[in-house]
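Thanks, everyone. I have a few minutes on one model, so let me put it on the screen and go straight in.

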Amino acid sequence: MLKELIDLLTCRELDPEELAELVASIENAGDDPDLDWMDDPSPEELIQNAIVFKLVNHLAVGDKIDEVHEQVSDFFAEPLADFPRHANGRGYLPDEYFAWLDPQLAERGKDGGGYRLLLLDDSFSDQLNALLVWRKDTARVLELARGLALSIESSTERSLGHRAIM
């Protein structure tokens, strides 16, 4: 299950050897010195945090939603439109932003059916961890995450208490 999840979270971009190494490093996270700061984590917490650590090159991470927007935009050869603002100049709140972003991501990467932004929780920061996946793979990613007791959700259907994303 974990191998399939990581493959989908990386949009199937890793070659088999890279995928195997990444999955092994996540499975062996209990021996990872970068994660030994965790105080008696559950296996699910260890895997959750290992995924965030190991997929850092695939994540947009920030404590403000406009920072995450810039990083998501950087994933594309043709950047996204500027961070949206209301007529009075106030930036969009997270839920407004995610609703605005979703149709734009659906139009990108048509070969993969468009993209969807997923949010990954962590237990070590107040930052938002966002990840693009193929839209057609979203249901399977969420199913695998539930099966592994991980906190991964669609940005447009979020329930995680993301703390610092104003």
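Start with the contact between the first two helices. L2, K3, I6 and D7 in α1 meet L19, L22, V23, I26 and E27 in α2. Sort the residues of that contact by type, and you get six nonpolar, three charged and no polar ones. Keep in mind that this is a predicted model.

Now the geometry. Two packed helices are described by the angle between their axes and the distance between the axes. Here α1 covers residues 2–9, and α2 covers residues 16–27. Their axes come within 10 Å and cross at roughly 120 degrees. So α1 and α2 are oblique to each other. The crossing is right-handed.

Let me pick one residue from that contact. L19 sits in helix α2. Is L19 buried or exposed? Its relative accessibility is 6%, so L19 counts as buried, the cut-off being under 20%. What does L19 contact, once neighbours within four places in sequence are set aside? The partners are K3, I6, D7 and L14. Take K3. In sequence, K3 and L19 are 16 residues apart. In space, their C-alpha atoms are 7.4 Å apart.

Next, the loop between α1 and α2. Three residues there deserve a look: T10, C11 and R12.

T10 goes first. At a relative accessible area of 1%, T10 is buried. Leaving out residues up to four places away in sequence, T10 touches L55 and H58.

Then the backbone. Most residues other than glycine have a negative phi. C11 is not a glycine, yet its phi is positive, at about 55 degrees. R12 is also a residue other than glycine, and its phi is positive too, near 55 degrees. How do these two sit with respect to solvent accessibility? C11 has 10% relative accessibility, so C11 counts as buried. R12 has 44%, so R12 counts as partly exposed.

On to helix α3, residues 43–54. How far apart should its ends be, at 1.5 Å a residue? The 12 residues should span 16 Å. The end C-alpha atoms of α3 are 16 Å apart, so the two figures agree. Which residues of α3 are buried? They are L46, Q48, N49, A50, I51 and V52. And what do they pack against? Two helices, α1 and α2, and four strands. The strands are β1 at 59–62, β2 at 115–120, β3 at 128–134 and β4 at 152–154.

Last stop, helix α5, residues 94–106. It has 13 residues. From first C-alpha to last, α5 reaches 18 Å, close to the 18 Å expected at 1.5 Å a residue. Its buried residues are P94, Y97, F98, L101, D102 and L105. Those residues pack against α4, at 65–74, and against β2 and β3.

Let me put the last two helices side by side. The buried residues of α3 pack against β2 and β3, among others. The buried residues of α5 also pack against β2 and β3.

To recap. α1 and α2 cross at roughly 120 degrees, with a right-handed crossing. In the loop between them, C11 has a positive phi, and so has R12. L19 in α2 is buried, and K3 is one of its contacts. Thanks, that's my slot.

Key:
Residues are numbered from 1 along each chain as its sequence is written. This is a predicted model: local features need pLDDT of at least 70, side-chain atom pairs count only at pLDDT 80 or more; totals for chains, interfaces and linings use all residues. Side-chain values use heavy atoms; hydrogens and water are left out. Axes are lines fitted to C-alpha atoms, for helices over the stretch in contact, and angles run from 0 to 180 degrees between N-to-C directions. Angles under 35 degrees count as roughly parallel, over 145 as roughly antiparallel, 65 to 115 as roughly perpendicular and the rest as oblique. A crossing is left-handed if the near helix is turned anticlockwise from the far one by less than a right angle, and right-handed if clockwise. Contact means heavy atoms within 4.5 Å. Ala, Val, Leu, Ile, Met, Phe, Trp, Tyr, Cys and Pro count as nonpolar, Asp, Glu, Lys and Arg as charged, and the others, Gly among them, as polar. The expected span of a helix is 1.5 Å times one less than its number of residues. Buried means under 20% relative accessible area, exposed over 50%, partly exposed in between (1.4 Å probe, protein chains only).
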